[in-house]
Amino acid sequence: IPLLALLERRLTRAEVKKVAKALRRQHVSPAGPEDIAAAITDLTHTEASDEDLARVRDRLAKKGWPLDFPDPM
């Protein structure tokens, strides 16, 4: 069990949707990495990983939400 504590938590698909919806509800536009990280922390009470930031960014982009977030490509 102590080993599990070392593993990085990953947002579930449902949590990614919740974070994206929360940002849209709060009219965070454009959403930047700091905004997304804060929303993830509010929901999960853990630090946001780069992977989770990217997943939420992609979800917002898919819905046409304005982003101020560097494209990883």
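## Helix packing and one small-scale cavity

The lining of the largest cavity divides into 3 nonpolar, 3 polar and 3 charged residues. This is a predicted model, and its structure holds 1 cavity of 30 Å³ or more. About 40 Å³ of space lies in that largest cavity. Who sits around it? The lining is made by Arg9, Leu11, Ile40, Thr44, Thr46, Glu47, Ala48, Ser49 and Asp52.

Some of these names come back in the helix contacts. Ile40 of helix 3 and Asp52 of helix 4 both belong to the contact between those helices, and Ile40 and Thr44 of helix 3 also meet helix 2.

### How the helices cross

Two packed helices are described by the angle between their axes and the distance between the axes. Here are the three pairs.

| Helix pair | Axes come within | Crossing angle |
|---|---|---|
| Helix 2 and helix 4 | 9 Å | roughly 60° |
| Helix 3 and helix 4 | 10 Å | roughly 105° |
| Helix 2 and helix 3 | 10 Å | roughly 120° |

Let's start with helix 2 (residues 13-25) and helix 4 (residues 50-62), whose axes cross at roughly 60°. The two are therefore oblique to each other, and their crossing is right-handed. On the helix 2 side, the contact uses Arg13, Val16, Lys17, Val19, Ala20, Leu23 and Arg24, while helix 4 brings Arg55, Val56, Arg59 and Leu60. By class, that gives 6 nonpolar and 5 charged residues, with no polar ones.

Next up, helix 3 and helix 4. With axes crossing at roughly 105°, helix 3 and helix 4 are therefore roughly perpendicular to each other. Pro33, Ile36, Ala37 and Ile40 of helix 3 touch Asp52, Leu53, Val56, Arg57 and Leu60 of helix 4. Sorted by class, this contact has 7 nonpolar and 2 charged residues and no polar ones. Val56 and Leu60 of helix 4 take part here and also in the contact with helix 2.

That leaves helix 2 and helix 3. Are they oblique or roughly perpendicular to each other? At roughly 120° between the axes, helix 2 and helix 3 are therefore oblique. Helix 2 passes helix 3 in a right-handed crossing. From helix 2, the residues involved are Glu15, Lys18, Val19 and Leu23; from helix 3, they are Asp35, Ile36, Ala39, Ile40, Leu43 and Thr44. The split is 6 nonpolar, 1 polar and 3 charged. Val19 and Leu23 of helix 2 feature in this contact as well as in the one with helix 4, and Ile36 and Ile40 of helix 3 meet helix 2 and also helix 4.

### Backbone oddities in a loop

Most residues other than glycine have a negative phi, and most peptide bonds are trans. Which residue has a positive phi although it is not a glycine? That's His27, with a phi of about 55°, found in the loop between helix 2 and helix 3.

There's also a cis peptide bond, joining Ser29 and Pro30, with omega at about -5°. Pro30 has its place in the loop between helix 2 and helix 3 (33-44), where His27 is found too.

Conventions
Residues numbered from 1 in each chain as written. Predicted model: local features only at pLDDT ≥ 70, side-chain atom pairs only at ≥ 80, totals over all residues. Heavy atoms only, no water. Axes fitted to C-alpha atoms, helices over the stretch in contact; angles between N-to-C directions. Helix = DSSP H or I, 4+ residues; strand = E, 2+ residues; numbered from the N terminus. Parallel < 35°, antiparallel > 145°, perpendicular 65-115°, else oblique. Left-handed = near helix turned anticlockwise from the far one by under 90°. Contact = heavy atoms within 4.5 Å. Nonpolar A, V, L, I, M, F, W, Y, C, P; charged D, E, K, R; others polar. 1 Å grid on protein atoms, 1.4 Å probe; cavity = no way out; pocket = protein on both sides within 12 Å on 5 of 7 lines; lining within 4 Å. Points joined across faces, edges and corners; volume = space filled by probe spheres on them.
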